[in-house]
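Here's a quick briefing to read alongside the model. Have the viewer open and follow along.

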Amino acid sequence: MTIHQNLIAGEWTGTNVTENINPSDTNEVVGLYASANAQDVTDAIAAAKAAFPAWSRSGILERHTILKKAGDEILARKDELGALLAREEGKTLPEAIGETIRAAQIFEFFAGEALRLAGEVLPSVRPNIGVEITREPLGVIGVITPWNFPIAIPAWKIAPALCYGNTIVFKPADLVPGCSWAIVDILNRAGLPKGVLNLVMGKGSVVGQAMLDSPVLSGITFTGSVGTGKRVALSSVEHGRKYQLEMGGKNPMVVLDDADLTVAVEAAANSAFFSTGQRCTASSRLIVTEGIHDRFVAALTEKLKTLNVDNAMKSGTHIGPVVDAKQLKTDTDYIEIGRQEGAKLAFGGELVSRDTPGFYLQPTLFTEATNQMRISREEIFGPVASVIRVKDYEEALATANDTPFGLSSGIATTSLKHATHFKRNAEAGMVMVNLPTAGVDFHVPFGGRKGSSFGPREQGRYAAEFFTTVKTAYTLA
């Protein structure tokens, strides 16, 4: 089997490999991928630093052309790359192809942004002086991505970093190196100069730690757990570098008495259980007013009975496997915690067997939960949701905001008054009305507040806030 190597200073390197295992069929090895060591990281950072002066001053047409080529190839190979994604991460094939298309769209967007780089020319308050405000590349960027969106999240970090003239050291999650390797290979063949993009796959304890310890990196953009995010922050403060964090969520979906029941159930089922609940924007708290509570629970339970849990590559699968044994144990531990806390298990909660050995878990719905239970406070990151009964809109809003997180917040209602008030008063970076809490556009900002995010927003034109630094220049006429 071919060894997929790391890319350092334009050269493919590495013979120490790990197996990429299919969570839908643990007998299948998706591929062999190199594992970097600390010296590899040092070499990659040095290569990125050496490449920065030339790349940061490269022409906008060169950047545009490379990014567009990458986007075009990803789109042309969407079925192949989508299948790779489904096999290594466990998303259903339609979800995986959709994520691949989104990655292509992100590259296309930033290919266009490369041609729209702009600044400002202003008059000074002093006579005969001109003022120019420009954005310049930040420098060498460390990119650290999670396993749950193995092609989209690397795309939305790498594309803007390159667009604005930065060089990169990229560490993908060691669980899902396949899609990340493919993106780097595509960009390398699209014409990136040596050292501009370096790939260092491997364990976070080795590769990630070496990146955190480096004083050379000008910035780190990180998506992952709260605990690791705090370590990124502490190390970045120590080294005086810019950092951007996207971390956890405990996202609420409010369902009011006046909601369209079908819309509410579809939004809740999608939010909580699709992509196996392994999305930072997934809604694991379903906050339902008492007038519609019983009908909503009954309808959602019936909906869950129709969802097929099976191999991600099979036609007709709605929910694929959990990503690995460790995450599956976390999910089942929280299901037991929910039982012990007194929540009522209304549906699911059991492991299931299929034709191939994998990490299959029924979608799990608790009712009679409170917002103080651990299953309502802590991020589970699996197909587990709890219904919290509330009296009215005011209690629903207060409950929705009563969380240390603030990524996405949703409401199902036909009331313009309540929808408008919720959009203004939900303590989250993104608000959805009659839509799932998960599912966002590629051309607008993504991010949260409180314990979910730190630093500038990702995606869209707001990406420039992190990947550039502002310069103000004065000229005497």
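Let's start in the middle of a sheet: strands β9 and β10 (residues 197-199) run parallel and are joined by three bridges. Keep in mind that this is a predicted model. From that pair we'll work outwards to the neighbouring strands, then to a second set of parallel strands, an annotated glutamate, a couple of single residues and the chain overall.

**Around β9**

- In the β9/β10 pairing, Phe170 has Leu199 of β10 as its bridge partner.
- To get from β9 to β10 the chain goes by way of helix α6 (residues 177-189), and the three elements form a right-handed β-α-β unit.
- β9 also pairs with strand β8 (residues 140-144), again in parallel, and here five bridges do the joining.
- Within that β8/β9 pairing, Ile141 sits opposite Ile168 of β9.
- The link between β8 and β9 includes helix α5 (residues 152-163), which gives another β-α-β unit described as right-handed.
- How many of the five residues of β9 are buried? Five of the five residues in β9 (residues 167-171) are, so the strand is largely enclosed by the rest of the structure.
- In a regular strand, side chains alternate between the two faces of the sheet.
- For β9 both faces turn out to be covered: Thr167, Val169 and Lys171 are buried on one side, and Ile168 and Phe170 are buried on the other.
- Yes, that list includes a lysine: Lys171 is among the buried residues of β9.

**Around β18**

- Strand β18 (residues 408-412) is largely enclosed by the rest of the structure, because five of its five residues are buried.
- One side of β18 carries Ser408, Gly410 and Ala412, the other carries Ser409 and Ile411, and all of these are buried.
- Strand β13 (residues 251-255) runs parallel to β18, with three bridges between them.
- A handy spot to check that pairing is Val255, which stands opposite Ala412 of β18.
- β18 pairs with strand β19 (residues 430-433) as well, in the parallel sense and over four bridges.
- Here Ser408 faces Met430 of β19.
- The route from β18 to β19 goes through helix α14 (residues 416-425), and this β-α-β crossover is right-handed.

**The annotated glutamate**

- An unreviewed UniProt entry places the feature "active site" at Glu246.
- In the model, Glu246 belongs to strand β12 (residues 242-246).
- Is Glu246 buried or exposed? Its relative accessible area is 4%, and the cut-off for buried is under 20%, so Glu246 counts as buried.
- Setting aside neighbours within four places in sequence, Glu246 has contacts that include Phe222, Thr223, Gly224 and Leu407.
- Glu246 also touches Phe446, Gly447, Gly448, Ser452, Ser453 and another glutamate, Glu458.

**Two single residues to click on**

- Leu7 is part of strand β2 (residues 6-8), and with a relative accessible area of 2% it is buried.
- Beyond its neighbours within four places in sequence, Leu7 contacts Trp12, Val184, Asn188, Leu197, Asn198 and Leu199.
- One of those contacts of Leu7 is Leu199, the residue already met as the bridge partner of Phe170.
- Which distance separates Leu7 from Arg389 in space? Their C-alpha atoms are 52 Å apart, with their positions 382 residues apart in sequence.
- Lys326, in helix α11 (residues 325-341), has 68% relative accessibility and counts as exposed.
- Lys326 and Phe359 are 33 residues apart along the chain, and their C-alpha atoms are 9.8 Å apart.

**The chain overall**

- The protein chain has 15 helices and 21 strands.
- For 477 residues, a compact globule would have a radius of gyration near 23 Å, and the chain agrees at 23 Å.
- Along the principal axes, the C-alpha atoms fill a box of roughly 70 × 65 × 40 Å.
- Buried residues make up 58% of the 477.
- Of the contacts with a separation of 6 or more, 73% are between residues 24 or more positions apart.
- The accessible surface is about 18,700 Å², and 54% of that surface belongs to carbon and sulfur atoms.

Note on methods:
Residues numbered from 1 in each chain as written. Predicted model: local features only at pLDDT ≥ 70, side-chain atom pairs only at ≥ 80, totals over all residues. Heavy atoms only, no water. Buried < 20%, exposed > 50% of the residue type's maximum accessible area, 1.4 Å probe, protein only. Helix = DSSP H or I, 4+ residues; strand = E, 2+ residues; numbered from the N terminus. Pairing = 2+ DSSP bridges. Right-handed = clockwise from strand over helix to strand, strands pointing away. UniProt positions renumbered as here; feature names shortened; annotations may be inferred. Contact = heavy atoms within 4.5 Å. Rg over C-alpha atoms; globule rule 2.2 N^0.38 Å. Areas by Shrake-Rupley, 256 points an atom, 1.4 Å probe, with all protein chains shown as cover.
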